[in-house]
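Please work through the exercises below with the sequence and the 3D structure open beside you. Each task is followed by a solution that goes step by step.

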Amino acid sequence: MTYVPEYISDWHEYVEREPSKHGKDIKDLKKLIEKLLRNKKVRYDPTDVEAFIDFCKLLKHREGRWAGQSFELTIEQKYIVACIFGFKIYDTELEMEVRYFREMVLFVARKWGKSFFISAIALFLLMADGEPAAQVWCLATIKSQAGIVYDNAKALLMSSDVLTPEKRPRKYWRTKRDKDNAEKLVFLPTDSYMKAGSKNSNSQDGLNPHAYVIDECHAITQRNTYDVFSSAVGARTQPLGVIISTFGFVREGIFDSILDRCTKVLSGESKERLFPMIFRIDADDDPKDRSCWIKANPGLGSHPTMSYLEGEYQKALEDPAQMPSFLAKHLNRASSLSVIYFDLAVVDECAIEMSIDMIQDKYAVGGVDMAETTDLCCATALVPVGGKLRIFQKYFIASQRIEKNSQADKMAYESFCNTNAKDPLNKELLKICEGSMVRKSEVTEWYVELAETYQVTFWKIGWDRWHGGDWADDMEANGFPKEDTNGRGVTFPVAMGAKSLSVPMKETRALFEDGLIEYSEYNGLFRWCTTNTAAKIDPNNGIQPDKAKSRGRIDGYVSFLISYVAYLKVADQFAEYQP
């Protein structure tokens with residue numbers, strides 16, 4: 001019978017006893033380790049494993065409920081340590097026994113304690129691995145991010161009465177400035193050092209890493225950082241790369257390639273000496289099923305608590321823009337950066353029968369999405385009255401494009417040229433323009449009509465700054481001056497990015513839910529465009545409309561959104577003059 005070391009058997013027995021709590025990757029890793037235990041060329045040596053566990057007891061938690069307590073490893077952390085430090089193989093070229101695993105990859109959800117764990121490993125590799133003049137690098141895209149692990153490691157040292165004696169705090173280690181004026185942590189007995197690095201670190205003189213640690217590798221966009229360090233360890237006898245991360249949204253960097261390598265090792269396709277421990281829900285798991293959340297959160301119940309995860313999930317349910325982040329950060333499921341943002345039933349509740357007196361003699365703001373002049377174009381007049389926002393719109397499409405667009409979009413555009421609405425603005429919702437493109441002057445004519453025929457006074461009208469420059473000139477020639485640097489004037493450009501649109505987009509969704517938006521029940525184009533709209537999400541949970549990922553055209557919603565940006569500029573005036 002194959003001997004199974006204590007910390008490995010503890011974890012394997014747990015996986016067998018509670019299979020529903022563990023994903024396929026964890027079960028495949030169990031098979032990989034069991035196979036390694038049967039490999040006659042590989043042996044298990046507990047010496048370094050026990051040394052690391054004892055080393056951790058010298059370190060203390062500095063924050064939260066465990067502040068002041070020694071660092072006691074969890075069952076999964078002991079398993080990881082047993083595998084990466086315990087398995088040894090004889091290197092015939094070096095004529096010595098070395099660690100079997102040369103790289104460790106750990107993907108686990110937020111709040112598990114990744115940074116604390118990785119910092120302890122980094123310190124052990126610096127101070128207790130027996131490597132003379134070791135270089136331990138903490139890597140990231142930018143140095144300030146890499147500094148998180150470095151600063152945490154230094155804080156752990158300062159927490160230890162043994163490693164930082166009160167009477168002789170500089171007995172074992174100290175910090176000093178390197179040639180590039182960056183700080184490094186020096187371990188005096190072996191003349192080793194730890195340093196935070198970034199994409200520019202490959203220019204360092206004498207780069208000879210014994211270990212590199214990468215926290216949140218999903219954020220690294222330039223794989224050159226990883227490639228330089230992973231290839232520079234050749235002069236060391238038993239180097240170790242340590243990569244810990246949640247899932248993320250960046251797809252141009254190293255994350256996907258590392259995940260692919262892990263998958264090949266777990267499937268047996270690759271014999272690379274890589275230790276891949278991936279905690280994530282399985283592809284067929286339903287994220288709504290709380291019982292599967294533990295697959296990505298092995299410490300669920302304490303780090304994080306179930307109430308914390310439940311709270312984050314409720315936030316994502318209330319704001320769909322946060323759902324991709326919840327799936328990626330808390331369940332380790334790769335998720336699209338875009339999500340359909342508006343609920344059809346909610347939008348339908350805002351459709352009413354409108355009349356011309358709802359806009360006649362009113363103050364208003366406007367917004368135009370010119371998009372490409374060969375496609376659908378939309379102009380909006382937004383009339384705030386009585387705490388509600390009334391939407392009037394005009395759509396434009398070129399006559400030579402309408403048949404092709406109707407087929408491609410599966411939308412009967414011509415039916416909106418003469419709806420059954422009682423008010424003339426919504427009855428003639430769409431104008432078919434002669435020729436192959438929409439002339440921007442025709443959009444101007446609609447605003448002139450509103451101003452002259454219906455006596456609408458426009459305080460502000462926004463336009464997509466990528467497409468509306470010459471249109472603003474035409475508007476100015478027709479009595480709608482451009483906004484100057486002091487904010488005087490009517491028309492102004494709107495930047496079409498998350499910085500400008502994130503808050504307005506989130507607010508318009510809330511306005512729909514609160515029933516504070518009103519649009520004509522005959523304006524099916526607005527209903528269609530709004531419920532097509534996907535929100536593109538950036539790493540900071542900022543959002544903007546994503547035309548590429550939306551179900552169909554979104555011009556009607558974007559035009560309204562721009563008009564809402566215009567409304568926010570003069571909301572105080574509406575509160576005073578048109579309450």
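The exercises go from the whole chain to its sheets, its cores and its cysteines.

The model is predicted, and local features need pLDDT of at least 70, while side-chain atom pairs count only at pLDDT 80 or more and totals for chains, interfaces and linings use all residues. Residues are numbered from 1 along each chain as its sequence is written, and side-chain values use heavy atoms, with hydrogens and water left out.

**Exercise 1. Describe the protein chain as a whole.**

Begin with the secondary structure: the protein chain has 19 helices and 22 strands, where helices (H or I, at least four residues) and strands (E, at least two) are DSSP runs numbered from the N terminus. Next take the extent, for which the C-alpha atoms fill a box of roughly 90 × 50 × 45 Å along the principal axes. Then turn to burial: of the 579 residues, 55% are buried, that is, under 20% relative accessible area with a 1.4 Å probe and protein chains only, as against exposed at over 50% and partly exposed in between. Finally, among contacts (heavy atoms within 4.5 Å) with a separation of 6 or more, 71% join residues 24 or more positions apart.

**Exercise 2. Trace the open sheet of eight strands and find what packs on it.**

First write down the order, 6-7-8-5-9-10-4-11, with mixed pairing; two strands pair if DSSP finds at least two bridges between them. The edges are strand 6 (173–177) and strand 11 (274–278), each of which pairs on one side only. Neighbouring strands are turned by 15 degrees against each other on average, direction ignored; axes are lines fitted to C-alpha atoms, for helices over the stretch in contact, and angles run from 0 to 180 degrees between N-to-C directions.

Now look at strand 4 (residues 103–107), which pairs with strand 11 in the parallel sense over five bridges, glutamate 103 having leucine 274 of strand 11 as its bridge partner. Helix 5 (residues 114–127) packs on the sheet, where the strands it touches include strand 4 and strand 10 (240–245), and its direction makes about 170 degrees with that of strand 10. Helix 7 (residues 224–231) also packs on the sheet, touching strand 4, strand 5, strand 9 and strand 10, at about 155 degrees to the direction of strand 9.

**Exercise 3. Which residues touch the most other members of the largest nonpolar core?**

A nonpolar core is a set of buried Ala, Val, Leu, Ile, Met, Phe, Trp, Tyr and Cys residues joined through side-chain atoms within 4.5 Å. Within the largest one, of 94 residues, the answer is Phe87, Phe117 and Phe275. Helix 5 gives the most to this core, with 11 residues. Beyond its neighbours within four places in sequence, phenylalanine 275 is in contact with residues including Leu29, Tyr79, Phe101 and Glu103. Apart from this core lies another, of 48 residues, among them Tyr341, Cys350, Ile391 and Tyr413.

**Exercise 4. Trace the open sheet of three strands.**

The order is 12-21-22 and the pairing is antiparallel, with strand 12 (338–340) and strand 22 (543–545) at the edges. Strand 21 (residues 534–537) pairs with strand 22 over three bridges, and lysine 536 stands opposite glutamine 544. Helix 16 (residues 498–513) lies across strand 21 and strand 22, at about 90 degrees to strand 22.

**Exercise 5. How many disulfides does a search of the whole structure find?**

A disulfide is a pair of cysteine sulfur atoms within 2.5 Å, and the search finds zero. For cysteine 56, the nearest cysteine sulfur, that of cysteine 138, is 16 Å away; cysteine 56 is buried, at a relative accessible area of 0%. For cysteine 433, the nearest is that of cysteine 377, 8.1 Å away, and cysteine 433 is likewise buried at 0% relative accessibility.
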